[in-house]
Amino acid sequence: MNKVFVAGGLVCSAFYSVAGSAAETVSKDLETVVVTGIVMSEASTLNVDPKRLRQPAPAHDGGEYLKQLPGFSLIRKGGSGGDPTFRGMAGSRLSIVNDDGMLLGGCSSRMDPPTAYITPQNYDRVIVVKGPQSVQYLPSAATVRFERDHTEALDPGLHGVAGVSLGSFGKQEMNLDAQYASTDYYARFRGSQGSADNYRDGDGNLINSHYDRQSFNTEVGYRGETNQLIMSVTQSMGEAAYADRGMDGVRFDRRQWQLRWMSELPLAMQNSLDVSIQQADIDHVMDNYSLRSFVPNAMRPEPAAMNPTRETTSARAVLSLEPSQGMAWRIGVDGSENQHANRMSMKQYSMPYESKPLLDDGRFEQRAAFVEMDWQIGERWWWFNGVRQDAWTVEDQRKMLMPSPMQMMPNPGVGEIREDDLNSGFSRVEYRASDLQVYLGYGRASRFPDYWELLGKARTTPMGTSSFYAESETLSQWDAGVMTQGDSWQVSLSAYTGRVDDFLLLSAEQPMQPEVVSNIEARLWGGELGGEWRPFEKLALRGSVSVSRGSNVTDQSYLPQVAPNEMRLSAEYQMQQWTLGGMWRGVAAQERFALNQGNIVALDKGPSAGFSTVSINASRKWQQLSLDIGVDNLFDKTYQEFLSTSGATIVGFDTLPRVPEPGRSVWANVRYTF
Ligand SMILES: [Cu+2]
């Protein structure tokens with residue numbers, strides 16, 4: 001098409017600056033047949049299609065989806081809303097970018113990580129930048145971008161995909177992605193509806209885990225010769241039961257709109273300007289009586305409910321320039337403001353929370369400027385660089401603190417404001433030939449503490465004061481990798497070693513008291529190894545191994561919430577019209593833990609046993625129709641992931657030490673492309 005969209009692609013990923021790179025072409029060919037297991041597209045970045053099914057069954061939220069990728073794990077809390085972790089890093093240590101915007105959940109107990117609002121099937125692409133090797137978004141240990149394609153050529157008329165999934169434990173999901181385009185204008189609608197009943201583990205234990213969610217996105221756009229304008233509105237609703245806590249989420253409402261303008265400026269060089277603004281409102285309610293039985297007692301005669309909300313406004317502008325062949329610059333600014341508020345009732349029958357005012361409890365403001373430069377320094381050598389500065393302001397607006405469920409006290413720090421300026425950056429050298437890619441990079445990511453670390457749940461510091469002044473943490477990390485391939489095989493390895501200064505560690509030191517936030521020094525290392533071999537055309541064998549390690553240097557102990565070693569082996573065979581696949585997943589025991597320490601999502605609860613599971617699937621296509629069927633946890637094993645949270649005592653359910661994974665489940669998915 002025209003130039004602006006070519007340049008727009010540069011904004012997406014530094015990698016695509018290498019026009020028509022042979023390696024990219026090859027890996028895309030491999031990707032088209034991948035149903036089970038993941039093939040690395042590059043050593044430093046993962047680029048996957050969320051519409052393509054993975055084993056296990058089609059994921060219903062972003063966390064469940066990411067769990068399938070090497071290096072990722074999930075902190076399970078029930079049937080949905082799990083928190084993804086990558087290389088032992090969770091919460092704000094992962095930047096989750098949703099169509100170029102940042103979205104923060106509202107729940108002070110972390111029922112709604114950003115990925116809880118993401119329906120993977122409604123996106124076109126998921127890109128994971130491993131390590132602090134990008135400065136286009138908030139500095140973090142890894143950047144995960146869920147993206148919709150705004151740059152593909154428009155086919156006139158009506159086109160889209162409709163899908164239906166059914167599975168064990170009452171799981172059902174419907175998706176529709178439809179687009180209508182004329183020469184210059186288009187409209188696109190994406191909707192999904194999904195629900196599930198409580199699942200059972202392999203022993204038949206019922207887990208409080210049902211959910212019901214809907215999500216709708218409408219986008220209208222204009223695409224001219226040198227200008228592109230996009231408006232989009234998203235609304236999502238839901239409710240979810242939790243197996244690990246005393247409350248369920250009865251409302252997860254999100255309203256979001258976004259305006260984006262991409263343009264080519266009349267400059268002497270190839271360029272594009274990408275400006276976007278968006279606003280998101282989250283309204284969340286959790287209680288202990290709507291989705292579970294409430295039993296009154298002398299201490300708690302009535303049920304309780306909480307209604308936290310967050311309003312986020314964010315904007316960004318990025319100018320991409322190509323002053324010469326083999327050189328690309330991205331110069332950008334971004335900023336965001338979010339206001340969190342809350343109201344609650346411990347006597348929901350006689351004094352419902354709805355009758356109370358919403359009270360602001362924290363306000364965050366962030367401004368940043370960044371520059372990235374891609375420079376081709378030889379026929380096959382590239383040098384990538386970036387620097388970024390963030391300025392943060394946060395206000396503690398909590399009038400009252402609730403150090404325990406039965407205790408309220410005035411907040412001595414109300415109205416206090418703190419500011420911080422943080423510097424981040426990276427430099428990476430890459431060698432890129434069609435059969436070999438190698439990279440070595442060093443990055444530094446300075447992260448300002450998030451709402452949960454500073455203001456959530458009246459947390460304190462080791463000195464006993466409010467955690468509002470906990471230090472920002474800085475990750476300094478080396479990342480290296482290699483990817484090589486022959487006619488019938490491919491191998492990739494990525495490895496990292498890093499140091500975190502002032503790592504924000506949460507620990508529960510006394511029961512029923514707020515957690516303590518301390519700044520420690522941490523060390524990290526690990527990596528992912530993956531490969532594919534096609535002994536003959538119809539058979540593909542794949543494998544991956546992930547290893548993550550972390551240590552707490554200050555206390556001479558392990559870093560908590562780091563997943564154990566994991567291996568996946570899968571096979572895929574073409575038999576006439578059918579593709580048959582199977583996957584074996586083995587997870588080692590975890591003996592490296594730090595009891596009662598962790599992050600804003602969960603704390604370590606002790607060691608975990610190793611386990612392995614097997615899943616199988618089959619798929620076939622008839623022109624526009626495709627069918628996928630599968631069985632997860634084929635042998636109905638009872639197992640728990642190390643990172644699962646501990647089970648809560650809930651009427652009608654057994655109390656389990658860790659939330660178990662689902663037992664055997666059968667699923668089927670039908671998709672129609674038009
Ligand atoms: Cu909640």
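## Exercises around strand 26

Strand 25 (residues 473-485) and strand 26 run antiparallel and are joined by twelve bridges. Here, strands (E, at least two residues) are DSSP runs numbered from the N terminus, and two strands pair if DSSP finds at least two bridges between them. The model is a predicted one: local features need pLDDT of at least 70, side-chain atom pairs count only at pLDDT 80 or more, and totals for chains, interfaces and linings use all residues. Residue numbers start from 1 along each chain as its sequence is written.

**Exercise 1.** Work out which strands strand 26 is joined to by bridges, besides strand 25.

*Solution.* Begin with the link back to strand 25: a hairpin of three residues joins strand 25 to strand 26. Across that pair, Val 482 sits opposite Leu 493 of strand 26. Next, go to strand 27 (residues 516-536), which runs antiparallel to strand 26 and is joined to it by 17 bridges. To check it on screen, pick Phe 503, whose bridge partner in strand 27 is Ile 520. Finally, look at strand 32 (residues 597-598), also antiparallel to strand 26, with two bridges. There, Ser 507 stands opposite Gln 597.

**Exercise 2.** Find the strand that gives the largest share of the largest nonpolar core.

*Solution.* First, the term: a nonpolar core is a set of buried Ala, Val, Leu, Ile, Met, Phe, Trp, Tyr and Cys residues joined through C-beta atoms within 7 Å. Buried means 20 or more other C-beta atoms within 10 Å of a residue's own, exposed means 12 or fewer, and partly exposed is in between, with C-beta atoms placed from the backbone. The largest core has 66 residues, and Leu 94, Val 128, Ala 141, Ala 142 and Val 144 touch the most other members. Strand 26 (residues 489-507) supplies the largest share, six residues. Apart from this core lies another, of 18 residues, including Tyr 211 and Val 659.

**Exercise 3.** Compare the settings of two non-glycine residues with positive phi, Phe 169 and Met 512.

*Solution.* Take Phe 169: its phi is near 60°, and its place is the loop between strand 8 (157-167) and strand 9 (171-181). Phe 169 counts as partly exposed because 19 other C-beta atoms lie within 10 Å. Now Met 512: phi is near 65°, and the loop is the one between strand 26 and strand 27. With 10 other C-beta atoms within 10 Å, Met 512 is therefore exposed.

Terms used
Helix = DSSP H or I, 4+ residues; strand = E, 2+ residues; numbered from the N terminus.
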